[in-house]
Amino acid sequence: SDCISCKESNLPFQAQEDAEDNDNISEICENLYDYAAKCNRYLYSANDNSYQSYQQAGNEYAVCSFIASVVTGTYDEYGYIYINS
């Protein structure tokens, strides 16, 4: 699979509103992050506005638990459990 850059482009055919938001991140990457599952539990600056919806905030425990399971090797990123033989 190919990676795409999240750096905002200066090309004239890029979305004009993307260049007006005072950051250097492309709109597609901003949207992907906004709607992605995230665990903000340990971020100092996290608050209720860190999530896109109440559902996303309500799922924080499940999301944080899943991320911890992937990091510790209990599950893979697709949700399959690892079983030691």
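Leaving aside its neighbours within four places in sequence, which residues is Asn24 in contact with? The exercises below, on a predicted model, begin with this question.

**Exercise 1. Place Asn24 and list its contacts.**

*Solution.* Step 1: locate the residue. Asn24 sits in the loop between H1 and H2.

Step 2: classify its exposure. The relative accessible area of Asn24 is 48%. Buried means under 20% and exposed means over 50%, so Asn24 is partly exposed.

Step 3: list the contacts. With neighbours within four places in sequence left aside, Asn24 contacts Cys6, Lys7 and Glu8.

Step 4: compare sequence and space for one of these partners. Asn24 and Glu8 are separated by 16 residues in sequence, and their C-alpha atoms are 5.1 Å apart.

**Exercise 2. Describe the overall make-up of the chain.**

*Solution.* Step 1: count the elements. The chain has 4 helices and 0 strands, and its pattern along the sequence reads α-α-α-α.

Step 2: consider burial. The chain has 85 residues, of which 15% count as buried.

Step 3: consider the contacts. Among contacts in the chain with a separation of 6 or more, 11% are between residues 24 or more positions apart.

Step 4: consider the surface. The chain exposes about 7400 Å², and carbon and sulfur atoms supply 54% of that area.

**Exercise 3. Find the disulfides and state how the cysteines are paired.**

*Solution.* Step 1: recall the bond. A disulfide is a covalent bond between the sulfur atoms of two cysteines. The cut-off applied here is a pair of cysteine sulfur atoms within 2.5 Å.

Step 2: apply the cut-off. Cys6 is joined to Cys29, with an S to S distance of 2.0 Å. Cys39 is joined to Cys64, with an S to S distance of 1.9 Å. The count comes to 2 disulfides.

Step 3: write the pattern. With bonded cysteines counted along the chain, the disulfides follow 1-2, 3-4.

Step 4: deal with Cys3. Its closest cysteine sulfur is that of Cys6, at 9.4 Å, which is too far for a bond. Cys3 has a relative accessible area of 77% and is therefore exposed.

**Exercise 4. Characterise the link of Cys6 and Cys29.**

*Solution.* Step 1: determine the handedness. The torsion about the S-S bond is about -80 degrees, so the disulfide of Cys6 and Cys29 is left-handed.

Step 2: place the partners. The pair links distant parts of the chain, 23 residues apart: Cys6 lies in the segment before helix H1 (16-19), and Cys29 lies in helix H2 (residues 27-35).

Step 3: assign the exposure. Cys6 has 36% relative accessibility and counts as partly exposed, whereas Cys29, at 12%, counts as buried.

**Exercise 5. Characterise the link of Cys39 and Cys64.**

*Solution.* Step 1: determine the handedness. The angle about the S-S bond is 105 degrees, and the link of Cys39 and Cys64 is right-handed.

Step 2: place the partners. Cys39 lies in the loop between H2 and helix H3 (54-58) and Cys64 in helix H4 (residues 60-72), so the disulfide ties together parts that are 25 residues apart in sequence.

Step 3: assign the exposure. Cys39 is partly exposed at 24% relative accessibility, whereas Cys64 is buried at 6%.

**Exercise 6. Check the span of H4 and examine its residues.**

*Solution.* Step 1: calculate the expected span. The expected span is 1.5 Å times one less than the number of residues. H4 has 13 residues and should therefore span 18 Å.

Step 2: compare with the model. The end C-alpha atoms of H4 are 18 Å apart, which agrees.

Step 3: identify buried positions. Val63, Cys64 and Ser69 are buried in H4.

Step 4: turn to the nonpolar surface. Phe66, Ile67 and Val71 make a nonpolar surface patch of about 270 Å². Of these, Ile67 is located in helix H4 and is partly exposed, with a relative accessible area of 35%.

**Exercise 7. Follow the chain beyond H4.**

*Solution.* Step 1: examine the residue just after the helix. Gly73 follows H4 and takes a positive phi of about 90 degrees.

Step 2: place Thr74. Thr74 is in the segment after H4 and counts as partly exposed at 34% relative accessibility.

Step 3: list its contacts. Not counting residues up to four places away in sequence, Thr74 touches Ser69, Tyr80, Ile81 and Tyr82. One of these partners, Ser69, is buried in H4.

Conventions
Residues numbered from 1 in each chain as written. Predicted model: local features only at pLDDT ≥ 70, side-chain atom pairs only at ≥ 80, totals over all residues. Heavy atoms only, no water. Helix = DSSP H or I, 4+ residues; strand = E, 2+ residues; numbered from the N terminus. Buried < 20%, exposed > 50% of the residue type's maximum accessible area, 1.4 Å probe, protein only. Contact = heavy atoms within 4.5 Å. Patch = residues over 30% accessible without salt bridge, like charges linked within 9 Å, V, L, I, M, F, W, Y side chains within 5 Å. Areas by Shrake-Rupley, 256 points an atom, 1.4 Å probe, with all protein chains shown as cover. Salt bridge = Lys/Arg side-chain N within 4 Å of Asp/Glu carboxyl O.
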